[in-house]
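Let's take a walk through a protein chain together. Have the picture ready and keep a finger on the residue numbers as you read.

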Amino acid sequence: MKNRVETLESILERLRHSIRQNGLKNSKQREEIVSVLYKSGTHLSPEEITTNLRTRDKSTSISSVYRILGFLEKEKFITALEPGKTGKRYEIAAKEHHDHIICLNCGDIQEFVDDEIELRQIQVSKAYKAKLISHDMRLFVICGRCQKQIKE
């Protein structure tokens with residue numbers, strides 16, 4: 001898990017402020033979804049989030065989870081990755097910069113940081129007389145486990 005740049009409580013405080021700014025009623029479910037993602041430290045599907053929430057509240061609906069995920073993504077509390085056929089997976093946005101390596105077969109997502117890649121991106125930007133603002137690197141692969149299964 002990458003280092004957090006913000007505590008869960010500070011994220012929830014920002015969320016409450018955003019909810020007020022958007023003229024919405026405070027919703028415990030929004031906070032619970034942020035908490036689930038924060039505490040998981042990984043990339044979860046809407047179904048996995050719903051299953052987790054249902055351990056505390058059996059009435060949690062997947063349609064509510066999808067709606068809330070849309071709001072949280074729009075407000076930049078979470079980010080979504082689409083690893084391929086497995087559908088969107090979400091992670092908390094308040095993490096130090098990292099890149100992703102994604103298996104197109106099983107949808108497994110691993111986070112990584114490579115200092116050489118980071119330096120090279122700055123060099124390429126400078127060569128184009130541009131200022132690098134941000135980047136999003138995703139490497140799409142067939143992981144070792146899936147390659148092994150394919151060979152069998």
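What follows goes from the overall build to the cysteines and then to the charged pairs.

**Ground rules**

What you're looking at is a predicted model, where local features need pLDDT of at least 70 and side-chain atom pairs count only at pLDDT 80 or more, while totals for chains, interfaces and linings use all residues. Residues are numbered from 1 along each chain as its sequence is written, and side-chain values use heavy atoms, with hydrogens and water left out.

**The overall build**

The protein chain has six helices and five strands. Here helices (H or I, at least four residues) and strands (E, at least two) are DSSP runs, numbered from the N terminus. Read from the N terminus, the order is α-α-α-α-β-β-β-β-α-β-α. The C-alpha trace spans about 50 × 50 × 20 Å along its principal axes.

How much of the protein chain is buried? Of its 152 residues, 38% are. Buried means under 20% relative accessible area, exposed means over 50%, and partly exposed is in between (1.4 Å probe, protein chains only). The protein chain exposes about 9600 Å², with carbon and sulfur atoms supplying 52% of that. Those areas come from the Shrake-Rupley method with a 1.4 Å probe, and for residues only the protein chains shown count as cover.

Now for contacts, meaning heavy atoms within 4.5 Å. Take those between residues at least 6 apart in sequence: 50% of them join residues at least 24 apart.

**Cysteines without a bond**

A disulfide is a covalent bond between the sulfur atoms of two cysteines. The cut-off used here is a pair of cysteine sulfur atoms within 2.5 Å. The structure holds zero disulfides. Why doesn't Cys-103 bond with Cys-143? Because the two sulfurs are 3.7 Å apart, which is too far for a bond, even though Cys-143 has the closest cysteine sulfur to Cys-103. Cys-106 tells a similar story: its closest cysteine sulfur, in Cys-103, is 3.7 Å away, again too far. Cys-103 is buried at 2% relative accessible area, whereas Cys-106 is partly exposed at 28%.

**Charged pairs**

Side chains of opposite charge can pair when their charged atoms come close. A salt bridge is a side-chain nitrogen of Lys or Arg within 4 Å of a carboxyl oxygen of Asp or Glu. How many salt bridges does a search of the whole structure find? It finds eight, and here are some of them, with the distance between the closest N and O atoms.

| Positive partner | Negative partner | Closest N and O atoms |
|---|---|---|
| Arg-16 | Glu-13 | 3.1 Å |
| Arg-89 | Glu-48 | 2.7 Å |
| Lys-88 | Glu-73 | 3.6 Å |

Start with Arg-89 and Glu-48, whose closest N and O atoms are 2.7 Å apart. Arg-89 lies in strand E2 (residues 89-92) and Glu-48 in helix H3 (residues 46-54), so this pair ties together parts that are 41 residues apart in sequence. Arg-89 is buried at 16% relative accessibility, while Glu-48 is partly exposed at 36%.

Glu-13 and Arg-16 sit three residues apart in helix H1 (residues 8-21), which means about one helical turn separates them. Glu-13 is partly exposed at 41%, and Arg-16 is buried at 19%.

Finally, Lys-88 pairs with Glu-73. Lys-88 is in the loop between strand E1 (78-81) and E2, and Glu-73 is in helix H4 (residues 62-74), 15 residues apart. Lys-88 is partly exposed at 32%, and Glu-73 is partly exposed at 28%. Elsewhere, salt bridges that share partners join Glu-9, Glu-13, Arg-16 and Glu-31 into one network.
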